[in-house]
Structure formats: structure tokens, C-alpha cells
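Here are a few notes to go with the picture, written for someone who has just opened it. Have a look first, then read on.

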Amino acid sequence: MNMPTPSTSMRSPRGCNRPLMAHVTPEERATIDALAKRDERSVSATARLLILRGLERDAAGNPS
């Protein structure tokens with residue numbers, strides 16, 4: 001019996017409809033790919049998560 005496998009990644013919240021393109025180095029892309037694989041997320045979801053974390057740090061006064 002084939003059971004559907006539950007999705008381990010979440011879609012972006014409603015209202016996330018503004019695409020953002022970013023240029024990254026091959027090393028940065030490899031790091032993002034590795035994080036995505038480790039966390040079982042898409043590259044896009046991982047990049048969004050990293051952006052959100054960076055925005056939180058910046059808002060808290062810790063830019064790096």
C-alpha cells in the first residue's frame with residue numbers, strides 16, 4: 001500500500017508574491033544548496049529563511 005509522504009517543507013506564507021533574484025558566488029550557492037538539502041527545504045525557501053534571519057539581525061542592531 002502506497003502512503004503519501006508528508007511534505008517536510010512549507011510553502012511561503014500568503015502574500016509572498018514578489019520574486020527576488022540575487023546573484024551569488026558558486027561557493028555561496030553550494031552553501032545554500034547544502035543547507036537546503038540538510039533541512040529538506042527548497043533552495044528558494046532556504047534563501048528566504050536566510051534573508052528573514054538577516055533582516056531580524058539588522059533590525060536588532062546586529063548587522064553581521
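How many salt bridges does a search of the whole structure find? Two turn up, and both are described below, after a quick look at the overall fold.

1. **Overall picture.** Keep in mind that this is a predicted model. The chain has two helices and zero strands. Of its 64 residues, 6% count as buried. Its accessible surface is about 6,200 Å², and carbon and sulfur atoms account for 55% of that.

2. **Helix 1.** This helix covers residues 26-39, which makes 14 residues. At 1.5 Å a residue they should span 20 Å, and the end C-alpha atoms are indeed 20 Å apart, so the expected and modelled spans of helix 1 agree.

3. **A salt bridge within helix 1.** The side chains of Arg29 and Asp33 meet here, at 2.9 Å from N to O. Both residues belong to helix 1 and sit four residues apart, about one turn of the helix. As a general point, an α-helix has 3.6 residues a turn, so residues three or four places apart point the same way. Arg29 counts as partly exposed because its relative accessibility is 42%. Asp33 is partly exposed too, at 29%.

4. **The other pair.** Arg38 and Asp39 also join their side chains in a salt bridge, with 2.8 Å from N to O. Is Arg38 buried or exposed? At 59% relative accessibility, Arg38 counts as exposed, the cut-off being over 50%. Asp39, with a relative accessible area of 30%, is partly exposed.

5. **Glu40, worth a second look.** Just after helix 1 comes Glu40, with a positive phi of about 55°. Most residues other than glycine have a negative phi. Glu40 takes its positive value although it is not a glycine. You'll find Glu40 in the loop between helix 1 and helix 2. Its relative accessible area is 48%, so Glu40 counts as partly exposed.

6. **Helix 2 and what follows.** Helix 2 spans residues 43-59. Does the end-to-end distance of its 17 residues fall short of the expected span or agree with it? At 1.5 Å a residue, helix 2 should span 24 Å; its end C-alpha atoms are 24 Å apart, so the two agree. Just after helix 2, Gly61 has a positive phi of about 90°.

7. **A nonpolar patch.** Which residues make the nonpolar surface patch of about 390 Å²? They are Leu20, Ile51, Leu52 and Leu55. Ile51 is part of helix 2. With a relative accessibility of 42%, Ile51 counts as partly exposed.

8. **The largest pocket.** Rolling a probe the size of a water molecule over the atoms shows where empty space is left. In this model, the largest pocket holds about 690 Å³ of space. It is lined by 19 residues, and the closest to its centre are Leu20, Ser44, Ala47, Arg48 and Ile51. Leu20 and Ile51 therefore turn up twice in these notes, in the patch and by the centre of the pocket.

9. **Who lines the pocket.** Helix 1 and helix 2 each give at least two residues to the lining of the largest pocket. Which element supplies the largest share of that lining? Helix 2 does, with seven residues.

Note on methods: Residues numbered from 1 in each chain as written. Predicted model: local features only at pLDDT ≥ 70, side-chain atom pairs only at ≥ 80, totals over all residues. Heavy atoms only, no water. Expected span 1.5 Å × (residues − 1). Buried < 20%, exposed > 50% of the residue type's maximum accessible area, 1.4 Å probe, protein only. Areas by Shrake-Rupley, 256 points an atom, 1.4 Å probe, with all protein chains shown as cover. Patch = residues over 30% accessible without salt bridge, like charges linked within 9 Å, V, L, I, M, F, W, Y side chains within 5 Å. Salt bridge = Lys/Arg side-chain N within 4 Å of Asp/Glu carboxyl O. 1 Å grid on protein atoms, 1.4 Å probe; cavity = no way out; pocket = protein on both sides within 12 Å on 5 of 7 lines; lining within 4 Å. Points joined across faces, edges and corners; volume = space filled by probe spheres on them.
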